[in-house]
Amino acid sequence: MKKVVCCMLICMISIFGISSVKAVDLNNQIKFNYKYNRSITNACYWVDSSAAVFTSQINAAAADWAGYSNPLNMTAVSSNYATHMDFYGKADNYWGSDGTIGETLHYLNGGSYISPNNGSWFYADIYLNVGRQYNIQGTTAHEIGHALGLAHWNSNPNSIMAQSNYRIVNTVRPIDNQHLNEIYS
Ligand SMILES: [Zn+2]
């Protein structure tokens, strides 16, 4: 198992943002300090059975990001071996039923947690709330943005990286892709 349980929460997005005290708002820091420590040109992702109900939305969100002009390619695979992103479903009470609908955690190769502002990462785990099932494609696209190195941008409601209570779009926007290209250029 390359996964470790970690209670450090990097991204908590919420339907009821003000109620989510675990939310980490990095003062509208648009990009994390670090990024993947390997190419994203052949990025693979895996959907755990716990998130299988969201497979179509996950695929759509992955294709949304990869469909832009950027270095990213996203391929769904049947094993989590060496994947860039793994998707898991979590029950609402995993987050204490506090309104959280998604979370992304970054890890080194081997499974140690790494803050995306403290160092580069090898893979990311994305947790989706199967109890709330709120705007899954938009939520997933937002979380994929975190996995790729984008932080929150709550001052721009037209960015997929604004949290759900600030955001009026549910697909990746050109400005989001521009930031991705700035990270991986
Ligand atoms: Zn977020």
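What share of the contacts in the chain with a separation of 6 or more comes from residues 24 or more positions apart? The figure is 72%, and the views below visit some of the places where distant parts of the sequence meet. Please keep in mind that this is a predicted model.

**Figure 1. The whole chain is built from 3 helices and 6 strands.** Follow the sequence from its start and you meet these elements in the order β-β-α-β-β-β-β-α-α. The chain holds 185 residues, and buried ones make up 42% of them. Of the contacts with a separation of 6 or more, 72% join residues 24 or more positions apart.

**Figure 2. Helix α2 takes in residues 136-148.** Start with its length: for 13 residues at 1.5 Å a residue, a span of 18 Å is expected, and the C-alpha atoms at the two ends are indeed 18 Å apart, which agrees. Now look at the surroundings. Because 12 of its 13 residues are buried, α2 is largely enclosed by the rest of the structure. The buried residues include Ile136 and Gly138 towards one end of the list, and Ala147 and Leu148 towards the other. His142, Glu143 and His146 are also among the buried residues of α2. Just after the helix comes Gly149, whose phi is positive at about 120 degrees.

**Figure 3. His146 is a residue of helix α2.** Is His146 buried or exposed? With 24 other C-beta atoms within 10 Å, it passes the cut-off of 20 or more and is therefore buried. Look across from here to Ala124: the two residues are 22 places apart along the chain, and their C-alpha atoms are separated by 8.8 Å.

**Figure 4. Helices α1 and α2 pack against each other at an angle of about 50 degrees.** Two packed helices are described by the angle between their axes and the distance between the axes. Here the axes of α1 (residues 55-66) and α2 lie 8 Å apart. The two helices are therefore oblique to each other, and α1 passes α2 in a right-handed crossing. Which residues of α1 meet α2? They are Gln57, Ile58, Ala60, Ala61, Ala62, Asp64 and Trp65. On the α2 side, the partners are Ile136, Gln137, Thr140, Ala141 and Ile144. Sorted by class, this contact has 8 nonpolar, 3 polar and 1 charged residues. As you trace the two helices, it may help to know that an α-helix has 3.6 residues a turn, so residues three or four places apart point the same way.

**Figure 5. Gly89 sits in strand β4 and touches residues from other parts of the sequence.** Leaving aside residues up to four places away in sequence, Gly89 touches Ser50, Ala51, Val53, Phe54, Leu128 and Val130. Another residue to find in this view is Val47, 42 residues from Gly89 in sequence and 9.0 Å from it in space, C-alpha to C-alpha. Gly89 counts as partly exposed because it has 19 C-beta neighbours inside 10 Å.

**Figure 6. Ala52 lies in the loop between β2 (43-47) and α1.** Is this residue buried or exposed? Ala52 has 12 other C-beta atoms within 10 Å, so it is exposed. A C-alpha to C-alpha distance of 8.3 Å separates Ala52 from Tyr88, although the two are 36 residues apart in sequence.

**Figure 7. Gly67 belongs to the loop between α1 and β3.** Its 14 C-beta neighbours inside 10 Å are why Gly67 counts as partly exposed. From Gly67, look for Asn177: these residues are 110 positions apart along the chain, and 9.8 Å separates their C-alpha atoms.

**Figure 8. Ala82 and Gln133 each have a positive phi without being glycine.** Ala82 is in the loop between β3 (74-76) and β4 (85-90), with a phi of about 60 degrees. Gln133 is in the loop between β6 (123-129) and α2, and its phi is near 50 degrees. Ala82 is partly exposed because it has 13 C-beta neighbours inside 10 Å. Gln133, with 15 such neighbours, also counts as partly exposed.

Definitions and conventions:
Residues numbered from 1 in each chain as written. Predicted model: local features only at pLDDT ≥ 70, side-chain atom pairs only at ≥ 80, totals over all residues. Helix = DSSP H or I, 4+ residues; strand = E, 2+ residues; numbered from the N terminus. Expected span 1.5 Å × (residues − 1). Contact = placed C-beta atoms within 7 Å. Axes fitted to C-alpha atoms, helices over the stretch in contact; angles between N-to-C directions. Parallel < 35°, antiparallel > 145°, perpendicular 65-115°, else oblique. Left-handed = near helix turned anticlockwise from the far one by under 90°. Nonpolar A, V, L, I, M, F, W, Y, C, P; charged D, E, K, R; others polar.
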